[in-house]
Amino acid sequence: MTKDEFLNQFSELNTNIEAALSTQDFERAMRIDVVRRQMLHEFANTSVPDGDKMFFETLERCAADNARAITEINSEITHVRQSASRTLRRLNGYRGN
């Protein structure tokens with residue numbers, strides 16, 4: 001696999017992960033991430049580093065995109081937990097009356 005093919009596939013997997021996260025399909029995001037990690041591992045084991053700055057910048061951009069998506073998901077999870085907690089308190093108050 002060439003670097004360009006790798007980057008195209010890697011970027012597509014990142015896009016698919018972000019799409020899964022945006023629809024809160026965490027199981028799908030995890031499955032795609034496993035495939036992406038395997039692909040990265042295999043590519044790293046079969047390729048000789050050549051100092052290609054653009055290649056590494058693209059990988060770094062993908063990593064930054066993933067970090068941003070994870071931060072957004074963590075924020076959403078916190079919001080959902082807080083909302084659920086408030087709802088439970090209201091329900092408990094209602095039952096207590």
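## Around N14

Leaving aside its neighbours within four places in sequence, N14 touches R36, C62 and N66. This is a predicted model, so read these contacts as computed ones. N14 sits in helix α1. Is N14 buried or exposed? With a relative accessibility of 3%, N14 counts as buried, because the cut-off for buried is under 20%.

## Helix α2 and its two faces

One of the partners of N14, R36, is also on the list of buried residues in α2, which reads A29, I32, D33, R36, M39 and F43. Looking down the axis of α2, you'd see these buried residues fall within an arc of 130 degrees, so they line one face of the helix. That fits the general pattern: an α-helix has 3.6 residues a turn, so residues three or four places apart point the same way. The cover over the buried residues of α2 includes α1 and α3.

Flip to the face of α2 turned away from the buried side and you get the exposed residues E27, M30, R37, H41, E42, N45 and T46. As for length, α2 has 21 residues, which at 1.5 Å a residue should span 30 Å; its end C-alpha atoms are 30 Å apart, so the two agree.

## The largest pocket

The largest pocket has a volume of about 250 Å³. Its lining takes two or more residues from each of α1 (3-22), α2 (26-46) and α3 (53-96).

In total 14 residues line the largest pocket, with I17, L21, A29, D33 and I70 nearest its centre. What is the lining made of, in nonpolar, polar and charged residues? It divides into nine nonpolar, two polar and three charged.

Note on methods:
Residues numbered from 1 in each chain as written. Predicted model: local features only at pLDDT ≥ 70, side-chain atom pairs only at ≥ 80, totals over all residues. Heavy atoms only, no water. 1 Å grid on protein atoms, 1.4 Å probe; cavity = no way out; pocket = protein on both sides within 12 Å on 5 of 7 lines; lining within 4 Å. Points joined across faces, edges and corners; volume = space filled by probe spheres on them. Helix = DSSP H or I, 4+ residues; strand = E, 2+ residues; numbered from the N terminus. Nonpolar A, V, L, I, M, F, W, Y, C, P; charged D, E, K, R; others polar. Expected span 1.5 Å × (residues − 1). Buried < 20%, exposed > 50% of the residue type's maximum accessible area, 1.4 Å probe, protein only. Arc of directions from axis to C-beta. Contact = heavy atoms within 4.5 Å.
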